[in-house]
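Trainee: Could we go through this one together? I'd like to know what lies behind the labels people put on residues.

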Amino acid sequence: MKEIHLSECKFLKSSILLMAVHLEKLAEELDNDSIKEMLTEILNARRVFVLGAGRSGLVGRAFAMRLMHLGLSSHVVGETTTPAVSDEDAVIAISGSGQTRSVADLGKVAKDIGATVIAITSNKESKLGNLADVVAELPGRTKEDAGGYLERHMRGEYSYLTPLGTSFETSASVFLDAVIAELIYITGASEADLKSRHTNIE
């Protein structure tokens with residue numbers, strides 16, 4: 001069996017600390033006007049649809065669940081029970097690069113229908129960012145960025161965080177949880193309200 005040295009967990013700890021610094025910087029750089037617009041559209045929408053591919057899709061599913069706990073009508077695009085989108089709805093599309101073809105194409109479909117498209121992305125000038133009505137820009141590394149993660153860490157260069165798009169997906173997850181916290185404050189919902197809507201057949 002290959003011996004594995006885990007005494008210091010140097011890379012693991014440095015990644016956690018870097019993510020903490022990254023999230024603090026992210027909070028400081030968020031555009032308040034865009035966030036307010038996003039919150040307004042979510043609360044005014046008849047229904048909220050969430051879409052994303054891969055890990056971004058998993059982040060979106062968690063967000064849709066929390067919206068449901070808040071009492072909002074929310075759906076995940078691609079599920080068999082998801083209804084048709086209308087011009088009274090908001091569609092939240094999550095893509096770090098903003099260039100993910102499936103997400104950008106579905107965003108365009110929603111836009112053509114007349115729904116409000118909200119993009120969560122690190123690239124405001126991307127295909128998705130350019131078609132969206134509202135863009136919540138989350139600065140950070142995406143899987144499209146060049147450079148070798150392991151090579152940089154072996155050299156002690158920690159200017160980037162985790163491999164592929166992980167820094168975006170972690171940022172998006174924390175950001176969307178914070179959106180839920182803000183919506184709880186705005187609506188006056190209690191933890192008991194949220195708990196009452198949690199599934200009871202799992």
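Mentor: Sure. Keep in mind that this is a predicted model. A good place to begin is a negative surface patch formed by Asp31, Asp33, Glu37, Glu125 and Glu137.

Trainee: What makes that patch negative?

Mentor: Its members are Asp and Glu residues, and Asp and Glu count as negative.

Trainee: Take Asp33, then. Why is Asp33 called exposed?

Mentor: Asp33 has a relative accessible area of 56%, and exposed means over 50%, so Asp33 earns the label. You'll find Asp33 in helix H2, residues 32-44.

Trainee: And why is Leu106 called partly exposed?

Mentor: Its relative accessible area is 40%. Buried is under 20% and exposed is over 50%, with partly exposed in between, so Leu106 gets the middle label. Leu106 belongs to helix H4, residues 101-113, and joins Val77, Val109 and Ile113 in a nonpolar surface patch of about 290 Å².

Trainee: Which residues touch the most other members of the largest nonpolar core?

Mentor: Met38, Ile42 and Ile120, out of 31 residues in that core. Elements giving two or more residues to it include H2, strand S4 (116-121) and helix H7 (166-187). H7 supplies the largest share, seven residues.

Trainee: How much of the protein chain is buried?

Mentor: Buried residues are 40% of the 202 residues. As for the overall layout, the protein chain has eight helices and five strands, in the order α-α-β-α-β-β-α-β-α-β-α-α-α along the sequence.

How values were computed. Residues numbered from 1 in each chain as written. Predicted model: local features only at pLDDT ≥ 70, side-chain atom pairs only at ≥ 80, totals over all residues. Heavy atoms only, no water. Patch = residues over 30% accessible without salt bridge, like charges linked within 9 Å, V, L, I, M, F, W, Y side chains within 5 Å. Areas by Shrake-Rupley, 256 points an atom, 1.4 Å probe, with all protein chains shown as cover. Salt bridge = Lys/Arg side-chain N within 4 Å of Asp/Glu carboxyl O. Charge placed at Lys NZ, Arg CZ, Asp CG, Glu CD. Helix = DSSP H or I, 4+ residues; strand = E, 2+ residues; numbered from the N terminus. Buried < 20%, exposed > 50% of the residue type's maximum accessible area, 1.4 Å probe, protein only. Core = buried A, V, L, I, M, F, W, Y, C linked by side-chain atoms within 4.5 Å.
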